[in-house]
Amino acid sequence: MARQGPHGRALRHGRYSEPGRIYHVISTTRQRLPLLSSFESGRAVVAAMRRLDESAATDTLAFVVMPDHVHWLFELGRAMPLSRVVGSFKSHSARELNRHHAHPCRTVWQRGFFDHAIRAEEDIRAVARYIVANPLRAGLVTSLRDYPLWDAKWV
């Protein structure tokens with residue numbers, strides 16, 4: 001088994017996968033390299049999310065693809081547990097990114113991921129607004145209309 005960084009176990013500690021629960025997942029690129037900075041790269045990542053939606057593994061509520069990470073808010077389906085959903089997402093998106101990239105890299109995604117199970121009392125729309133506002137906070141755009149790699153069910 002490959003050696004994990006100091007936080008790999010901490011990310012998994014207490015992780016529970018519950019079908020029907022809404023999760024906010026953040027996945028980071030290897031060494032936070034801006035591997036997702038092109039529109040084409042971002043679309044490959046979105047296609048991997050949509051693929052999981054079509055298989056009923058997830059129901060995407062909101063997402064944003066940043067140059068070096070992805071925020072994804074979705075309801076977990078019954079098809080597979082959370083870790084397998086994220087693994088499938090990373091695997092499929094990495095294959096697509098490498099297939100269309102002039103200089104493919106062996107590893108696209110950093111190991112592990114952050115997840116937060118949304119509690120019943122949390123405002124899901126507020127979480128979605130936080131997610132899609134990432135490009136504004138990062139200074140990538142001054143208007144969300146100018147950033148093409150986000151979506152939310154409520155917009």
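Arg50, Asp53 and Asp151 form a network of salt bridges. A salt bridge here is a side-chain nitrogen of Lys or Arg within 4 Å of a carboxyl oxygen of Asp or Glu. The whole structure holds nine salt bridges. This is a predicted model: local features need pLDDT of at least 70, side-chain atom pairs count only at pLDDT 80 or more, and totals for chains, interfaces and linings use all residues. Residues are numbered from 1 along each chain as its sequence is written, and side-chain values use heavy atoms, with hydrogens and water left out.

**Salt bridges**

- Side chains of opposite charge can pair when their charged atoms come close.
- The side chains of Arg50 and Asp53 meet at 3.7 Å, N to O. Both residues lie in helix α2, three residues apart, about one turn of the helix.
- Arg50 counts as partly exposed because its relative accessibility is 29%. The cut-offs are under 20% relative accessible area for buried, over 50% for exposed, and partly exposed in between (1.4 Å probe, protein chains only).
- Lys153 and Asp59 form a salt bridge of 2.8 Å, N to O. This pair links distant parts of the chain: Lys153 sits in the segment after β5 (150–152), Asp59 in strand β2, 94 residues apart.
- Lys153 is partly exposed at 49% relative accessibility. Asp59 is also partly exposed, with a relative accessible area of 30%.
- Arg99 and Glu96 meet in a salt bridge of 2.7 Å, N to O. They lie in helix α3, three residues apart, about one turn of the helix.
- Arg99 is exposed, with a relative accessible area of 57%, whereas Glu96 is buried at 17%.

**Overall build**

- The protein chain has five helices and five strands. Helices (H or I, at least four residues) and strands (E, at least two) are DSSP runs, numbered from the N terminus.
- From the N terminus on, the order is α-β-α-β-β-α-β-α-α-β.
- The protein chain has 155 residues, and 44% of them are buried.
- Among contacts with a separation of 6 or more, 67% join residues 24 or more positions apart. A contact means heavy atoms within 4.5 Å.
- The protein chain exposes about 9000 Å², with 53% supplied by carbon and sulfur atoms. Accessible areas come from the Shrake-Rupley method with a 1.4 Å probe; for residues, only the protein chains shown count as cover.

**Helix α3**

- Helix α3 covers residues 82–100, 19 residues in total. From its first C-alpha to its last it reaches 27 Å, close to the 27 Å expected at 1.5 Å a residue. The expected span is 1.5 Å times one less than the number of residues.
- Its buried residues include Leu82, Val85, Val86, Phe89 and Leu97. Polar names appear as well, including Lys90, His92 and Ser93.
- The cover over the buried residues of α3 includes β1 (22–28), α2 (39–54), β2 (58–65), β3 and β4 (114–117).

**His71**

- His71 lies in strand β3 (residues 69–76). His71 counts as buried because its relative accessibility is 3%.
- The side chains of His71 and Asn134 share a polar contact of 3.4 Å. A polar contact is a pair of N or O atoms within 3.5 Å; within protein, one must be able to donate a hydrogen and the other to accept it, and residues adjacent in sequence count only if both atoms are side-chain atoms.
- Leaving out residues up to four places away in sequence, His71 touches nine-strong company that includes His24, Phe63, Tyr130 and Asn134.
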